Each structure stands twice: as structure tokens, then as C-alpha cells.
Amino acid sequence: MYKLDQTRTPLFDALLKYYENNTVPFHVPGHKKGAGMHDKFKKFTGTNVLSIDVTVFKEVDSLHKPTGAIKEAQELAADAFGADATFFCIHGTTGAIQAMILSTVKEGDKIIIPRNVHKSVTSGIILSGATPVYIKPEIDDRLGIAMGVTPAAVKKAISENPDAKAVLIINPTYYGAATDIKTIADIVHQNNMLLLVDEAHGPHLKFNEKLPLCALDAGADMSSQSTHKILGAMTQGSMLHVRNTVDINRVKAVMSLLQTTSPSYVILASLDVARMQMATEGKALLDRTIGLAQYARKAINRMRGLYCPGEELIGRNGIYDFDPTKVTINARELGITGYQLERLLSEKYHVQLELADMYNALAVFSIGDTKKSVDALLHALEEISESYYKKGTKKFTCRDIPDIPEQLLNPREAFASDTALLPLKDSVGQISSEFILSYPPGIPVLCPGEIITQEIVDYVEEMKAAGLFVQGTEDPDVNYIKVVRDLKAINITA
């Protein structure tokens, strides 16, 4: 199956050799294997991890110009994940996504993206100067959250923008919805464009046939994965996988531009070991994880007032497949919001979920979960169900978001422009330099460079009046918004 010996961990082994040699450090970091670290921190963490917190030198290689242990570790990762080249990222998938964009589009180029992209996509577009073309994802009305984009929506966007250079999609979504990525890849390539995939929530897909198809196996040209989210890497540990349909030397240059010259070797080593773990044990580990998630899903669906979606979603609302390790808990029938459910679990039961929106709270299952931890979650949910369930309880309804407004400036132009602060109610007709997002469903109502409409203002006020979560502007209450101060395009006297 693999071309290389996937039991090897060259980078971690190099760090262990440094430790075992009892090397005397006259290099940064200044704590010198923990000797200079305050006991308050060191007594908790121990010194082992501090002893391999090193800097760049020959024995442990350089992330920016790897020729030794890091080079071999990245080659092993490429072999394991099915890439032509893999790059380790120590600043999370945010950096990997930015690198995908900067490697494939430049100022003025069009890139087709879903409207519900992570802000790292928009920051990459701002850095590149590219112009986004938005596709609306499908919305599940019961859950009130965005799902995937359909092949038909991608095909339509491409037909209307045949000069676009790339298409970027999210697959799977935070909530586990997977689109028909193979068909999308075929459509994109038939039109001589590149397919980039934000696969932050799918680093595990390659290693178990019970999971949706991973991006590279579907034909994607690049995919960025949060190795730390589901697998065994440390926080900030991510990977960028690349096919040779992309200029790999360009990707190297962009990654070097974006990443720190003082990378964490502890994070890098955790990526090396996480890859080895999945290549050698991944199927069994994920079988257990999937089993625990399905056990939890069945138990939650027996509780009054709670709903945990699963495979029944497949075939509708932009869902071609589903990742069962994402356990979404919908509390609408209890008459409480997802935020309230998340707070109850955290404050009363000390069970911390990943995120919450107006209708749902999300539990992310991974290879680190146990039946004991799952039972703690289920016990807490059972008590909450019994406490809050009442017949005839108020049920929340999902509101349609406004149409995507006209875009007059690309996000970079709007971001770089001089701005004026206006009351939101007085901003109709102006060009926004900020975002407005509402939860649910988590799709931007307004992006930088777009015209503010009365429909958007009314929608935001309605959402706020209903107690829903609106964010994105510098003003936390979203009563004011920054708009572009460009006297040639707009009339602002403020």
C-alpha cells in the first residue's frame, strides 16, 4: 500500500537523539531544556517536552529548506496521504489555506468559493488580491446550518465565470457534511481550473473506508488538513498536501513566506508521529472512534427533546456523504439554544464541546475518546433532557438569509481603503469594509467590498431582536459598521 516504511519517525527520532546525547545547549530558546523555565510551569509539564523544544540546526533540519529529518518526515507524510508533496504547517490550517490561495491565484484573478468559508480563506484572498466569486451552500432547515455546495452549483458558477483560475470548497464541513467531491473535481478540471479543498475537518478520511472520500483520492489538486483536530498531533499542527498539477516550487516559496523562521519542533515532531500512527494503526483506531460516535448518536436520539443527525441526511441538502465522528446535538425541541446547551454542559457538568450555534452544539469525536468520556457526555445530556423537556415548548425557526449583495471592490481593496464608521441603519448603499455573520447558519451576510442593502440591515436587526448571534464588525454590538471612504465611489461626509 505504501512505498515507504511508515513505521519510521525520522524527525522525532532526531530530537530523541539530541536528548539522549545530553547535548549542551547554547542556542535558543532561552529556557535551555527547561532549566530557565519557572517552576510553576515546569512542575506541571515536566521537562521532557522542554528538552526537545529546540531551534534550527543540522541534526534536526530546517523547515524552510529541509534536507534531512524534516524532508524525510514530509516525504513519509506525502506517501501516507497520497500526495506528490506534503508540507508541515506549524501555524494551523489557516496558514495552509492561505498558502493554497497564494500559490494558485494572484491579484485580479477570480476564485470560486462557498459563501460559508472560514475566515482564513478570506484572509488568503485579501493577501493575494484575488476576487472571490461566491456560491451559496445548501441549508438544512431543521438544523439551521450550512451544508455542502452541490456539483450543479459549482458548474453554474464556472459557466458564469469561465475565466476563474481555481475553485475552493469545504469538505467535509465542521458538522460532517460531505459533498460529491469526485464529480466536482471532474467538473473543475474539465474547465481547466484547479480544485483546492479546505479539508481541515477531514485529516482522518484517508484511513477508513467507512468515512467519506478524501480530497486527494477524489482528484483535488491541493488539500489542507488540521492534523490536530481528529488525529494525534498537537494544536497548530497541520499539513498541506499537493499534487504535481500545481507548481510545487511555488508552494515551497509561499510556505516559506508565511511560516515563522522559529518553528516549534515539538509540534513538528507530533505531526511526524501522528502520521506514523495513522499509517500503521489508523483503521483500527477510527473503527473504534466511529463505533463510539454511533453509540452516542443512538443514545442521544432516544432522549426527549434532542436530535443527533446521522446518515439519514445523505441525499438531501447538499449532503452526498456524512462523517459520523461529528456528533451534532440539536436542542430545538427542548426550547433552549445550542449556546445554552453548551454552557450547561460546561458549567454544570464540566463537559466541554467544540462549538455551539443557535440551534446546535457540536461534539467532535476523535481517536482520543473513550467509552468513559462518552458516557459522561451522555449522562449530562440525559439530565438536561429530563430537566428541560416540556410538551409545547417554543421551537425556533430558521430565517432565510438575504441574497448575496453586489460586490464593487475585491476584499483586498476594501480592506486597504480608508474607512468611515457609520451607524448600520445609515449605511445602506455604502461599501462595507467589514464582515457581518449570523449564527445560524454561519454564512456571511456581508463581506468586504460589497454594497450594504436595506435587506441586510433589516435582517441584522431582526436577528439581533431575536437574540441570535451576529458578529464580524469591530463594534461588538453591530450597531456601527466601517465602510469604504472613497469619494469617487460613494458619498460620505462623516
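The paragraphs below lead through two sheets, a pair of helices and two cysteines in this structure, which is a predicted model.

A good place to begin is the open sheet of 7 strands, whose order is β1-β10-β9-β8-β6-β2-β3 and whose pairing is mixed. Strands of a sheet pair through backbone hydrogen bonds, and they may do so either parallel or antiparallel. At the edges of this sheet stand β1, residues 85-89, and β3, residues 131-135, each of which pairs on one side only. On average, neighbouring strands here are turned by 20 degrees against each other when direction is ignored. Helix α5, formed by residues 92-104, packs on the sheet and touches β1, β2, β6, β8, β9 and β10, while its direction makes about 165 degrees with that of β9.

Two pairs of strands show what mixed pairing looks like in detail. Strand β8, residues 194-198, and strand β9, residues 222-225, run in the parallel sense and are joined over 3 bridges; within this pair, Val197 has Ser223 in β9 as its bridge partner. By contrast, β1 and β10 pair in the antiparallel sense over 5 bridges, and there Cys89 stands opposite Ser238 in β10.

The edge strand β1 deserves a further look. In a regular strand the side chains alternate between the two faces of the sheet. In β1, Ala85, Phe87 and Cys89 point one way, Thr86 and Phe88 point the other way, and all are buried. Is β1 mostly covered, or is it left open? The strand is mostly covered, since 5 of its 5 residues are buried.

Cys89 also leads to another matter, that of disulfides. A disulfide is a covalent bond between the sulfur atoms of two cysteines. How many disulfides does a search of the whole structure find? The search finds 0. For Cys89 the reason is distance, because the closest cysteine sulfur, that of Cys214, lies 17 Å away, too far for a bond, whereas a disulfide would need the two sulfur atoms within 2.5 Å. Both residues are buried: Cys89 has a relative accessibility of 0%, and Cys214 has a relative accessible area of 5%.

Elsewhere in the chain, two helices lie against each other. Two packed helices are described by the angle between their axes and the distance between the axes. The axes of helix α1, residues 10-20, and helix α4, residues 69-81, come within 7 Å and cross at roughly 150 degrees, which means that α1 is roughly antiparallel to α4. In this contact, Pro10, Leu11 and Ala14 of α1 meet Ala69, Ile70, Glu72, Ala73 and Leu76 of α4. Sorted by class, the contact has 7 nonpolar, no polar and 1 charged residues.

Leu76, which is found in helix α4, has further partners. With a relative accessibility of 2%, Leu76 counts as buried. Leaving aside residues up to four places away in sequence, Leu76 touches Leu4, Asp5, Gln6, Arg8, Pro10 and Arg275. Leu76 and Arg8 are 68 residues apart along the chain, yet their C-alpha atoms are separated by 8.3 Å.

Finally, an open sheet of 3 strands has the order β12-β14-β13, and its pairing is antiparallel. Its edges are β12, residues 326-330, and β13, residues 355-356; each has a single partner strand, so one side of each is left without a neighbour in the sheet. The pairing between β13 and strand β14, residues 360-364, extends over 2 bridges, and in it Ala356 stands opposite Ala361 of β14.

Definitions and conventions:
Residues are numbered from 1 along each chain as its sequence is written. This is a predicted model: local features need pLDDT of at least 70, side-chain atom pairs count only at pLDDT 80 or more; totals for chains, interfaces and linings use all residues. Side-chain values use heavy atoms; hydrogens and water are left out. Two strands pair if DSSP finds at least two bridges between them. Helices (H or I, at least four residues) and strands (E, at least two) are DSSP runs, numbered from the N terminus. Axes are lines fitted to C-alpha atoms, for helices over the stretch in contact, and angles run from 0 to 180 degrees between N-to-C directions. Contact means heavy atoms within 4.5 Å. Buried means under 20% relative accessible area, exposed over 50%, partly exposed in between (1.4 Å probe, protein chains only). Angles under 35 degrees count as roughly parallel, over 145 as roughly antiparallel, 65 to 115 as roughly perpendicular and the rest as oblique. Ala, Val, Leu, Ile, Met, Phe, Trp, Tyr, Cys and Pro count as nonpolar, Asp, Glu, Lys and Arg as charged, and the others, Gly among them, as polar.
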